[in-house]
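Work through the following exercises with the sequence and the model in view. Each task is followed by a solution in steps.

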Amino acid sequence: MTVTIIVKDKQGQDVTSFAAQSDVSLSSQANMNGGDIFVACCTGACLVCGCTIVSGEEHVDKEKFGSQLAMLEANQVCSCIAWIYDESNESTEEKTVILQKIM
Ligand code: FES
């Protein structure tokens with residue numbers, strides 16, 4: 001894995017970091033690694049799982065598992081329907097994606 005995901009809480013404190021998986025939503029990956037990103041609808045509609053992408057936005061496929069229906073800023077993502085692009089994770093170059101929880 002070449003993408004490291006860092007999850008921050010709403011106040012900007014680091015909660016966890018882990019190597020990204022290619023086939024799992026960002027919220028599921030975070031929750032498997034102690035990130036505590038709450039989910040509700042898991043369809044991109046409610047924004048409970050919303051995160052600001054502090055850096056590494058180019059590595060995030062925001063609509064892998066559905067369409068974002070919630071109103072978001074350009075650098076925000078519903079983490080329940082997003083994951084890391086395969087191309088980013090398969091590269092030999094080390095990359096980092098930083099997510100900050102909205103709620
Ligand atoms: S859990 Fe509702 S948008 Fe992700």
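**Exercise 1. The sheet**

Task: In what order do the five strands of the open sheet stand, and which strands are at its edges?

Solution. Step 1: the strand order is β2-β1-β7-β3-β5, and the pairing is mixed. Strands here are DSSP runs of E with at least two residues, helices are runs of H or I with at least four, and both are numbered from the N terminus. Two strands count as paired if DSSP finds at least two bridges between them.

Step 2: β2 (14-19) and β5 each have a single partner strand, so they stand at the edges and one side of each lacks a neighbour in the sheet.

Step 3: on average, and with direction ignored, neighbouring strands of this sheet are turned by 30° against each other. The axes behind this angle are lines fitted to C-alpha atoms, for helices over the stretch in contact, and angles between N-to-C directions run from 0 to 180 degrees.

The model is a predicted one: local features need pLDDT of at least 70, side-chain atom pairs count only at pLDDT 80 or more, and totals for chains, interfaces and linings use all residues. Residue numbers start from 1 along each chain as its sequence is written.

**Exercise 2. The pairings of β3**

Task: State how many bridges join β3 to β7 and in which sense the two strands run, then do the same for β3 and β5.

Solution. Step 1: β3 and β7 run antiparallel and are joined by four bridges. In this pair, I53 stands opposite L99, and S55 stands opposite I98.

Step 2: β3 also pairs with β5, over three bridges and in the antiparallel sense. Here G50 is opposite C78.

Step 3: as background, strands of a sheet pair through backbone hydrogen bonds, either parallel or antiparallel.

**Exercise 3. The nonpolar core**

Task: Which residues of the largest nonpolar core touch the most other members, and which element gives the most to this core?

Solution. Step 1: fix the terms. A nonpolar core is a set of buried Ala, Val, Leu, Ile, Met, Phe, Trp, Tyr and Cys residues joined through C-beta atoms within 7 Å. A residue is buried with 20 or more other C-beta atoms within 10 Å of its own, exposed with 12 or fewer, and partly exposed in between, with C-beta atoms placed from the backbone.

Step 2: the largest core has 20 residues, and A82, V97 and L99 touch the most other members. Two or more residues come from each of β1, α1 (26-32), β3 (50-55), β5 (76-78), β6 (83-84) and β7 (95-101). β1 gives the most, with three residues.

Step 3: take L99 as an example. Leaving aside neighbours within four places in sequence, L99 is in contact with I5, V7, K8, L26, C51, I53, V54 and S79. Contact means that the C-beta atoms, placed from the backbone, lie within 7 Å.

**Exercise 4. Two strand residues**

Task: Locate K8 and S55, and explain why each counts as partly exposed.

Solution. Step 1: K8 lies in strand β1 (residues 3-8). K8 is partly exposed because 19 C-beta neighbours lie inside 10 Å. Beyond four places in sequence, K8 touches Q13, D14, V15, I98, L99, Q100 and K101. The C-alpha atoms of K8 and T52 are 9.6 Å apart, with their positions 44 residues apart along the chain.

Step 2: S55 belongs to strand β3. S55 is partly exposed because 13 other C-beta atoms are within 10 Å. Again not counting residues up to four places away, S55 touches T96 and I98. S55 and V97 are 42 residues apart along the chain, and their C-alpha atoms are separated by 5.6 Å.

**Exercise 5. Positive phi**

Task: What are the phi values of D36 and L47, and where is each residue found?

Solution. Step 1: D36, a residue other than glycine, has a positive phi near 50°. D36 is in the loop between α1 and β3, and is partly exposed with 13 C-beta neighbours inside 10 Å.

Step 2: L47 has a positive phi near 75° and is likewise not a glycine. L47 is found in the loop between α1 and β3, and with 19 C-beta neighbours inside 10 Å is partly exposed.

Definitions and conventions: Contact = placed C-beta atoms within 7 Å.
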